[in-house]
Amino acid sequence: MLSTSPLGPRRRSAAILAATLLTVGAAGCGSSDSPSTPQAGPSVSTSTNPDGGVLGIRDPWVKAADKGMTAAFGTLVNDGDSDVTVTGATTPLSPMELHEMTMKDGKMVMQAKQGGIVIKARSTHALEPGGDHLMLMNLTKPVQAGDELTFTLTFADGKTQQFRAVAKPFTGAQESYAPGHGQPLPGMSATPETSMSPAS
């Protein structure tokens, strides 16, 4: 009995010390006041402007492509009390347009989104394959899975906001990003179809 009594308080002290260290360590790692420290991986999936931002951007990603056209996707989050309109997007890698998918003559076609993309107050708006998206019109180099691209959104009030998105392979939605889209040849449509068949 005498041999175990000194060990009891020591064990309790060690347990209290360990708990204290864990609490202090967790508090130090959990700071959200360091937007200037980019982290790899998951931090890219939630991106906002360091200045306070206009929108939150959840899970941004880009469809990997070797050449020609591709698109950027994600969920735009408006936590404000007023509607927000995205009027443009840019990236150093390609000219860009805001696009939508819509029915035309019984076919689903891609076209420039007139008036921009409106994100209602206190709501979200999905940029997704087969729906609204940010179109990269003419890649200057391949976008490979794992590449990280920087985009700048422009808003109706003139403000801008940057975000980053990681490229990943994707074969769904079957959009046909035909060469010349945005600059149609005489007699050709500027709205590629969602099927892989040539646009008529």
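Which residues of the largest nonpolar core touch the most other members? I took this as the opening query, noting beforehand that the model is predicted.

**Entry 1. The main core.** I found 26 residues in the largest nonpolar core. Those that touch the most other members are V62, L76, V86, I117, L134, F151 and L153. I then listed the elements that give two or more residues to this core: β2 (56–63), β3 (70–78), β4 (84–90), β5 (96–104), β7 (117–119), β9 (133–136), β10 (148–155) and β11 (160–168). I recorded β10 as the source of the largest share, which is four residues.

**Entry 2. The second core.** I noted another core lying apart from the largest one. This second core has eight residues, and W61, M101, M135 and M137 are among them.

**Entry 3. Surroundings of L134.** I looked up what L134 is in contact with, leaving aside its neighbours within four places in sequence. The residues found were T70, A71, A72, A89, M96, E97, L98, I117, L127, L153 and F163. Of these partners, I marked I117 and L153, since both are listed, as is L134, with the core residues that touch the most other members.

**Entry 4. Q161.** Is Q161 buried or exposed? I located Q161 in strand β11. Its relative accessible area is 1%, and Q161 is therefore buried, the cut-off being under 20%. I also checked the side chain of Q161 for a polar partner: one of its polar atoms lies 2.9 Å from the backbone nitrogen of V54.

**Entry 5. The β5 and β6 hairpin.** In what sense do β5 and strand β6 pair? I read the pairing as antiparallel, over six bridges, with β6 covering residues 107–112. Across this pairing, T102 stands opposite V109 in β6. I found two residues between the strands of the hairpin, and I noted that D105 takes a positive phi near 55 degrees there.

**Entry 6. The chain as a whole.** I turned last to the overall figures. The secondary structure comes to one helix and 11 strands. Read from the N terminus on, the order of elements is α-β-β-β-β-β-β-β-β-β-β-β. The chain has 200 residues, of which 32% count as buried. How many of the contacts between residues at least 6 apart in sequence join residues at least 24 apart? I entered 61% for this share. For the surface, I wrote down that the chain exposes about 11,900 Å², and that carbon and sulfur atoms supply 56% of this area.

Conventions: Residues are numbered from 1 along each chain as its sequence is written. This is a predicted model: local features need pLDDT of at least 70, side-chain atom pairs count only at pLDDT 80 or more; totals for chains, interfaces and linings use all residues. Side-chain values use heavy atoms; hydrogens and water are left out. A nonpolar core is a set of buried Ala, Val, Leu, Ile, Met, Phe, Trp, Tyr and Cys residues joined through side-chain atoms within 4.5 Å. Buried means under 20% relative accessible area, exposed over 50%, partly exposed in between (1.4 Å probe, protein chains only). Contact means heavy atoms within 4.5 Å. A polar contact is a pair of N or O atoms within 3.5 Å; within protein, one must be able to donate a hydrogen and the other to accept it, and residues adjacent in sequence count only if both atoms are side-chain atoms. Two strands pair if DSSP finds at least two bridges between them. Accessible areas come from the Shrake-Rupley method with a 1.4 Å probe; for residues, only the protein chains shown count as cover.
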